[in-house]
Amino acid sequence: MIIHNAVNFDIGQTLECGQCFRFEKTDDTNSYFLLAYGKKLNVSQNGDKVKFWYDDGKLDKKEFDTIWMQYFDFERDYADIQAKISSNDTIMQHAIAFAPGIRILQQDPWEMIISFIISANNRIPQIKQVIKNICKTYGGNIGGEHYAFPTPQELAKATAEDLRALKTGFRDKYIVDATKRVLAGEMPVERNCKLPTNELRKTLMETKGIGEKVADCILLFGYGRWESFPIDVWVRRVMEQLYFNGESMPPAKIHAFAKERFGELAGFAQQYLFHYMRLKKTT
DNA sequence: ATCCAGGATCTCC
DNA sequence: GGAGATCATGGA
């Protein structure tokens, strides 16, 4: 499966911008291997030509259209988004120019809940390793040494002690709590759930280990609530340094500013800014 | 060795 | 409701 004219898409920028944890770079060109929705996908990009394939070779157009079109958010006009959030904003223009191929992946809410609980006060390589441990121990084998992300039922077999052994650290009990809440029907895990974002956010935050920032990541990456604006150390840093002239600023004021400036597109803006601040050459 | 990481919670005021 | 300590783990 090949796309010959991919626009505003770069597989490396999209996977490496901190929204996704189940992937590996497979060589020194723009080539990756990723796991999502119980599938294993290879992606190799050269300019606007992007090749997608399964190891067993069976990736037809129907399969691509039903899973990966949505996953990579290919139906959305990112040129339009970029134009809207960067008009009269030279900072955003720089951030977008740094990585214009970022797209917000449409990932599984349940996987995002567990992944971003693990992300709290943690580093991306370690987050990836812990998730890998959990998948290998509790997820189903999907060929070779690869494992699907465990379902809530599968993960419910894990005790806090079991999870601690997989290097979750102090987050073990939070994962147990989240799993119980999902199985009890207290937290919806469907991407198309109709709950208003503020109510869904409140529901997420009733789970131990999910505060404002983690909730906003889950909303943005898992539930397609693109107005969400997660504020972590990097986003706070970029906002204070570049938008507030070095003045320290509480998250509530940053949220208000982001909503005013970026509106319903705040989530996209956040992702460009996060990646820009984290990887640009510091002066 | 001390600090820090896509933070959250608990305590204490 | 805001400041401060604490929470595992591992890399710099």
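**Helix H4, the core and the DNA strands**

Let's start with helix H4, residues 90-98. Its buried residues are Met92, Ala95 and Ile96. These three cover an arc of only 95° around the axis, so they sit on the same side of H4. Look at the other side of H4, and you find Thr90 and Ala97 exposed.

Keep in mind that this is a predicted model.

What do the buried residues of H4 pack against? Two helices: H3, residues 78-86, and H14, residues 266-279.

Stay with H14 for a moment. Take leucine 273. Leaving aside neighbours within four places in sequence, leucine 273 is in contact with Ala95, Val235 and Val238. Ala95 is one of the buried residues of H4.

Now the core. Nonpolar side chains tend to be buried together in soluble globular proteins. Here, the largest nonpolar core has 71 residues. Which of them have the most contacts inside it? They are Ile113, Ile117, Ile218, Ala269, Tyr272 and Leu273. Which helix gives the most to this core? That is H14, with eight residues.

Next, the domains. The assignment for chain A gives three entries. Domain 1 is 2-75. Domain 2 comes in two pieces, 79-99 and 224-283. Domain 3 is 109-222. How far apart are the C-alpha centres of domain 2 and domain 3? They lie 26 Å apart. The contact takes eleven residues from domain 2 and eight residues from domain 3. On the domain 2 side that touches domain 3, the classes are five nonpolar, three polar and three charged residues.

On to the DNA. Strand B is surrounded by 23 residues. The closest are Gly18, Arg123, Gly211, Val214 and Asp232. Which elements give two or more residues to that surface? Helix H11, residues 212-222, helix H12, residues 233-243, and H14. So H14 comes up again: it contributes to the surface near DNA strand B, and it also gives the most to the largest nonpolar core. By class, the surface near strand B has nine nonpolar, nine polar and five charged residues.

Last, DNA strand C. The residues around it are Asn121, Asn122, Gln126, Arg164, Lys167, Gly169 and Phe170. How do they divide by class? One is nonpolar, four are polar and two are charged.

That's the tour.

How values were computed:
Residues are numbered from 1 along each chain as its sequence is written. Chains are lettered from A and ligands numbered from 1 in the order in which they are written. This is a predicted model: local features need pLDDT of at least 70, side-chain atom pairs count only at pLDDT 80 or more; totals for chains, interfaces and linings use all residues. A residue is near a molecule or strand if its C-beta atom, placed from the backbone, lies within 6 Å of it. Ala, Val, Leu, Ile, Met, Phe, Trp, Tyr, Cys and Pro count as nonpolar, Asp, Glu, Lys and Arg as charged, and the others, Gly among them, as polar. A residue is buried if 20 or more other C-beta atoms lie within 10 Å of its own, exposed if 12 or fewer, and partly exposed in between; C-beta atoms are placed from the backbone. Helices (H or I, at least four residues) and strands (E, at least two) are DSSP runs, numbered from the N terminus. The arc is that of the directions from the helix axis to the C-beta atoms. Two residues are in contact if their C-beta atoms, placed from the backbone, lie within 7 Å. Domain bounds come from an automatic or database domain assignment. A nonpolar core is a set of buried Ala, Val, Leu, Ile, Met, Phe, Trp, Tyr and Cys residues joined through C-beta atoms within 7 Å.
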